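Student: I should like to work through this model by question and answer. Where might we begin?

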Amino acid sequence: MKETLTTTLLVSAILLLLQFSSALNHTVCIVGGGIGGASAAHFLRKYSESGELGKITLFERNGIVGGRTATVTIGGDTFEAGGSILHPKNYHALNYTKYLGLKVKFPKHADDSLSLGIWDGKKFVYKTITSNSKLWIIKTLVSLANSVVLMLRYGIASLLRMNRFVEVTVNNFLKYYESLEARPVFKSVEEMLQWAGLYNLTTATLGEVSTEVKLSPLLIQELVTVITRINYGQSVNISGLAGAVSLAGAGSGLWAVEGGNWQMASGLINQSDVDLHLHEKIESISFLGDFYQMNSSTGNSYNCDVAVVATPLDEVNIHFTPEISIPLRKLQHTHTTFIKGLLNPAYFHLEAVSDIPDLVGTVESADIPFTSISILKQHEKDNTYKMFSRQPMPDSLLDDIFSVREETIRINWGAYPHYHAPEKYAPFILDGKHLYYINAFENAASTIETSAVAAENIARLILSRLSAQDNQSSVKLGRYSSDTAQWDSEL
């Protein structure tokens, strides 16, 4: 009798332990293998106790991870085709490169030798002074001369105000790297922006904000517009926050990952114990009472406790049961055209190819078919160029702009939201349960780093809500170091 009772108690204890273990061993499915999905997997593993999370399955509809970070090879050289630059204060990206053992590289023209021209469709309204001299004194004098020309055209006070506007915005954004003890878990995009003092910038256009901080009309019309057209393919009618992020992306100290920024997503996925499914598109996500069921294009079904959408829902056809409600949003398509050849100086009313600036930016005009053209690499007889445009560039138009085209590659990116103010946001939690949406934050600003910042918050949100659900506190939300001094010394 005593042995039977002992056996019964032992079996009951084992069953209770198995039930408790099963409750904690939550499974997660992530849709999207870009930096957002990869970051979510990384932070979920980093912030959870061993055994708290079970299997993490990640679905990528393409044959390679990286999302909107990718490379292209033309003329035997490889270049960034998507998200190509990172700011020196993008601390998550910096930490990823350190964690994954990746190498940082700086642009070829990091020494400010890049020549810039602003094209209005008929003439260059602004061009930097250039010199082929390699003498330090000559290069210094040319740089000083360009600074003087810039100040005379746009006003030193206006330029200083622009720099101050960007600096204040960046400093507010840096709050997202504070210690986890000092930083709450955000349940909505609005709450996340308000906490950092960034929300008001999304309620007005960049043009309105620029006027409010007293930038000169000419600076807004030319330089500010050129930068927003290059970085977001849009005018100063984008929101003030997206505009500030765009302007920050034109500053100094910009960098990229040697070999391609996509390696950050790939490395994080490889290091996060993820079951990766390439070439598998998720077609439906259904909540079935206790779990989510995902059905894919391959005919397979997957069950998970937590579902994370890490891809823009604007141009993918995922059927949700029950239905979800998010604000309508259009993606801004950027058509990236790579050309190995030579620009036609006659198109720009110039005498020689050497007279054309290395970077041709453009003002807002329906008569200009491209937003920018830049030299990626100079060869002995020709160059490799990267062109951005809002519409596809037909061969007939390219043949007008280029006198020689040896090779042409076209890529159509659904690159970022079409911004407008005031912005409206999708919820981070799409169904009030455990269906999460990282890309809701993109309506504030869309970059590699903002995707990582949003994903880090989503990971904390998931773990905190699972912890509350399980009525236990095993979530390890320790400090995530942003040792800027160490990063700066390494860079």
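Student: Is methionine 393 buried or exposed?
Tutor: This is a predicted model, and the values are computed from it. A residue counts as buried when its relative accessible area is under 20%. Methionine 393 has a relative accessible area of 3%, so this residue is buried.

Student: Which residues does methionine 393 touch, not counting those up to four places away in sequence?
Tutor: Methionine 393 lies in the loop between strand 18 (383–389) and helix 11 (395–401). Its C-alpha atom is separated by 8.4 Å from that of arginine 410, 17 residues apart along the chain. With residues up to four places away set aside, methionine 393 touches Thr337, Pro369, Met387, Leu398, Ile401 and Arg410.

Student: Which two residues touch the most other members of the largest nonpolar core?
Tutor: In soluble globular proteins, nonpolar side chains tend to be buried together. Here the largest nonpolar core has 139 residues, and those touching the most other members are Tyr176 and Ile285.

Student: Which helix gives the most residues to this core?
Tutor: The protein has 13 helices and 20 strands. The greatest contribution to the largest nonpolar core is 11 residues, and it comes from helix 12 (residues 448–470).

Student: What is isoleucine 285 in contact with, leaving aside its neighbours within four places in sequence?
Tutor: Isoleucine 285 is one of the two residues that touch the most other members of the largest nonpolar core. Beyond its sequence neighbours within four places, isoleucine 285 is in contact with Val31, Tyr292, Gln293, Met294, Ala307, Val309, Ile318, His319, Phe320, Thr321 and Leu435.

Student: What percentage of the contacts with a separation of 6 or more is between residues 24 or more positions apart?
Tutor: Buried residues make up 50% of the 491 residues in the protein. Among contacts with a separation of 6 or more, the share from residues 24 or more positions apart is 73%.

Student: How many of the residues lining the largest cavity are charged?
Tutor: The whole structure has two cavities of 30 Å³ or more, and the largest has a volume of about 70 Å³. Its lining includes Asp314, Arg329 and Lys424. By class, the lining has six nonpolar residues and one polar residue, and the number of charged residues is three.

Student: How many disulfides does the structure hold?
Tutor: Cysteine 29 is buried, with a relative accessible area of 2%. Cysteine 304 is buried as well, at 1% relative accessibility. A disulfide requires a pair of cysteine sulfur atoms within 2.5 Å, and the number of disulfides in the structure is zero.

Methods
Residues numbered from 1 in each chain as written. Predicted model: local features only at pLDDT ≥ 70, side-chain atom pairs only at ≥ 80, totals over all residues. Heavy atoms only, no water. Buried < 20%, exposed > 50% of the residue type's maximum accessible area, 1.4 Å probe, protein only. 1 Å grid on protein atoms, 1.4 Å probe; cavity = no way out; pocket = protein on both sides within 12 Å on 5 of 7 lines; lining within 4 Å. Points joined across faces, edges and corners; volume = space filled by probe spheres on them. Nonpolar A, V, L, I, M, F, W, Y, C, P; charged D, E, K, R; others polar. Core = buried A, V, L, I, M, F, W, Y, C linked by side-chain atoms within 4.5 Å. Helix = DSSP H or I, 4+ residues; strand = E, 2+ residues; numbered from the N terminus. Contact = heavy atoms within 4.5 Å.
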